[in-house]
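Q: I am new to this structure and would rather understand one part of it well than all of it quickly. Please choose one part, look at it closely, and then relate it to its surroundings.

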Amino acid sequence: MKISNLRIGVRLGSAFALVVALLIGTAVVGIRHLDSSNAKMDQIVSERYTLIALSNTIKGNGYKANGILSNLLLATSPDEAAKYMSDYTAIRKLNADAYAQLEKHLLNEQSKALFKEQFDARAAYGVSVRKFFELVKTDQQQARALYQGDMARLQDSYYVLVDKMVDYQAAQMERDVADAVGEAHYAKIQMIVLAFCAALIAIATGLFITRTITRPINRAVSLAEAVASGNLTHRLEVDTTDEVGRLLTALKRMIENLHGIVAQVRQGTDTITHASREVASGNMDLSSRTEHQASSLEETAAAMEQL
């Protein structure tokens with residue numbers, strides 16, 4: 001089916017629907033990219049940043065616990081030592097809670113592997129701490145040697161793994177930010193291209209629809225002007241069946257009918273002219289015969305007077 005055969009309302013409605021569809025498509029692409037960017041940002045905030053914050057909290061609590069252990073070596077009374085033990089227990093509980101939260105936020109295998117290394121190092125450090133508590137009660141000198149020796153070494157190894165977790169999550173955060181920026185840039189370019197293509201398609205569609213409407217109308221105007229100037233020989237080819245095509249068909253039939261009527265009138269005029277000429281010829285012949293009869297009568301009258 002030719003597009004020009006569709007009704008004008010259908011063509012205009014289809015053009016508007018196409019423009020609306022292009023706008024919706026552009027909006028959908030933009031929303032999809034925005035959702036992806038939001039997901040990236042949520043991952044950065046809820047996963048990466050949380051893991052870094054928890055790791056720093058764990059390390060900070062470790063430093064506090066180390067200070068409490070140092071003070072425990074300097075305690076001068078059982079009550080003071082009991083207070084430091086209570087503080088250390090509270091710090092230990094805070095770290096246990098932080099570790100529980102940290103484990104919940106681990107989603108990839110690399111993070112889980114780092115967590116296992118860190119947890120094992122913490123467990124080894126915890127063994128030395130328990131041994132330190134036993135020596136504090138029995139032998140302060142050996143407790144101090146343990147604190148400055150194996151405990152310090154195990155603590156350093158433990159904190160290295162905590163820093164490793166922080167560095168890994170920071171690197172992942174930077175990668176996610178770079179991905180989000182790159183995706184936003186790609187989305188911007190894609191939306192500009194889509195908007196440009198949508199504008200071109202809308203312009204082309206508008207021009208095409210306008211042309212399919214205005215060209216037949218211009219032909220109808222030309223036909224009407226030709227008839228108004230007295231030209232009934234104007235010929236028109238109709239190749240559409242829409243509203244304008246029906247109008248052109250009606251005008252074409254009107255001109256054909258007018259042409260037929262004019263031809264009939266012209267034929268009648270010619271007949272009347274011919275009849276008038278015949279009547280005029282008859283009148284001239286009658287006048288001639290009348291004159292001849294009058295002359296004959298005059299001659300007869302003259303002859304009778306002579307008699």
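A: S111 is buried, since its relative accessible area is 0%, where buried means under 20%, exposed means over 50% and partly exposed lies in between, judged with a 1.4 Å probe and protein chains only. The model is a predicted one, in which local features need pLDDT of at least 70 and side-chain atom pairs count only at pLDDT 80 or more, while totals for chains, interfaces and linings use all residues. Residues are numbered from 1 along each chain as its sequence is written, and side-chain values use heavy atoms, with hydrogens and water left out.

S111 belongs to helix α3, which runs over residues 109-138; helices here are DSSP runs of H or I with at least four residues, strands are runs of E with at least two, and both are numbered from the N terminus. The side chain of S111 makes a polar contact of 2.9 Å with the side chain of Q169, a polar contact being a pair of N or O atoms within 3.5 Å in which, within protein, one must be able to donate a hydrogen and the other to accept it, and for which residues adjacent in sequence count only if both atoms are side-chain atoms. Once neighbours within four places in sequence are set aside, S111 is in contact (heavy atoms within 4.5 Å) with L106, M165, Y168 and Q169.

Further along helix α3 comes another serine, S128, which counts as buried because its relative accessibility is 6%. The side chain of S128 reaches the backbone oxygen of Y125 at 2.6 Å. Beyond its neighbours within four places in sequence, S128 is in contact with L146, M151 and L154.

Some of these partners lead to helix α5, which covers residues 150-228. The 79 residues of α5 should span 117 Å at 1.5 Å a residue, and because its end C-alpha atoms are 115 Å apart, the two values agree; the expected span is 1.5 Å times one less than the number of residues. After α5 comes G230, with a positive phi near 95°.

On the other side in sequence is helix α2, whose 27 residues (78-104) reach 39 Å from the first C-alpha to the last, close to the 39 Å expected at 1.5 Å a residue. Its buried residues are Y84, Y88, I91, N95, A98, Y99 and L102, whereas A81, also in α2, is partly exposed with a relative accessible area of 21%. Apart from residues up to four places away in sequence, A81 touches L72 and A75.
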